[in-house]
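Dear colleague,

I am passing on the structure below, and my notes on it follow directly after. Please read them with the coordinates open beside you.

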Amino acid sequence: MRLFECGTLVPGCPWHTRADNDAEVVRRAVEHMRDTHGETVIRENMVDNIKARIVDETQAA
Ligand SMILES: [Zn+2]
């Protein structure tokens, strides 16, 4: 599983998501950014920032 924790990008946010591929994690993260953090314009560098923070969870699990 791939894991993204919003707190790595937005300090203090406890939200996280996991999915079996990066594209789905990014899709959910972008949705969360829009709904929770009021990001109406999703910039390309935000997607890069999200991708850079996605970690592989298989070793931890
Ligand atoms: Zn968040």
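Helix α1 lies across β1 and β2, and its direction makes an angle of about 150° with that of β2. Please keep in mind throughout that this is a predicted model, and that what follows was computed from it.

The sheet on which this packing rests is an open one of 3 strands, arranged in the order β2-β1-β3 and paired in the antiparallel sense. Since β2 (16–19) and β3 (55–56) stand at the edges and each has a single partner strand, one side of each is left without a neighbour in the sheet. Strand β1 and strand β2 run antiparallel and are joined by 4 bridges, while β1, which spans residues 2–5, pairs with β3 over 2 bridges, again in the antiparallel sense. Residue R2 can be followed in both directions, because it stands opposite A19 in β2 and has D56 as its bridge partner in β3. L3, for its part, stands opposite V55 in β3.

As to the overall layout, the protein holds 2 helices and 3 strands, and along the sequence these follow the pattern β-β-α-α-β. The radius of gyration is 11 Å, close to the 10 Å that the globule rule gives for 61 residues, so the protein is as compact as a globular protein of that length. Taken along the principal axes, the C-alpha atoms fill a box of roughly 35 × 25 × 15 Å. If one considers the contacts with a separation of 6 or more, 42% of them are accounted for by residues 24 or more positions apart.

Turning to the interior, 13% of the 61 residues count as buried. The largest nonpolar core has 7 residues in all, namely F4, V25, V26, A29, M33, I50 and I54, and helix α1 (residues 22–37) gives the most to this core, with 4 residues. In soluble globular proteins, nonpolar side chains tend to be buried together. Within the core, A29 touches F4 and I50, and A29 also touches T17, when residues up to four places away in sequence are left out of the count.

Two arginines of helix α1 may be worth a look as well. The first to consider is R28, which has its place in helix α1 and is partly exposed, because 17 other C-beta atoms lie within 10 Å, where 20 or more would be needed for a residue to be called buried. Leaving aside residues up to four places away in sequence, R28 touches T17 and A19. By way of a distance to check in your viewer, the C-alpha atoms of R28 and A52, which are 24 residues apart along the chain, are separated by 15 Å.

The other is R34, also found in helix α1, and this residue is partly exposed too, with 13 other C-beta atoms within 10 Å, whereas a residue would be called exposed at 12 or fewer. With the same exclusion of residues up to four places away in sequence, R34 touches E39, T40 and I42.

With best regards

Note on methods: Residues numbered from 1 in each chain as written. Predicted model: local features only at pLDDT ≥ 70, side-chain atom pairs only at ≥ 80, totals over all residues. Core = buried A, V, L, I, M, F, W, Y, C linked by C-beta atoms within 7 Å. Contact = placed C-beta atoms within 7 Å. Pairing = 2+ DSSP bridges. Axes fitted to C-alpha atoms, helices over the stretch in contact; angles between N-to-C directions. Rg over C-alpha atoms; globule rule 2.2 N^0.38 Å.
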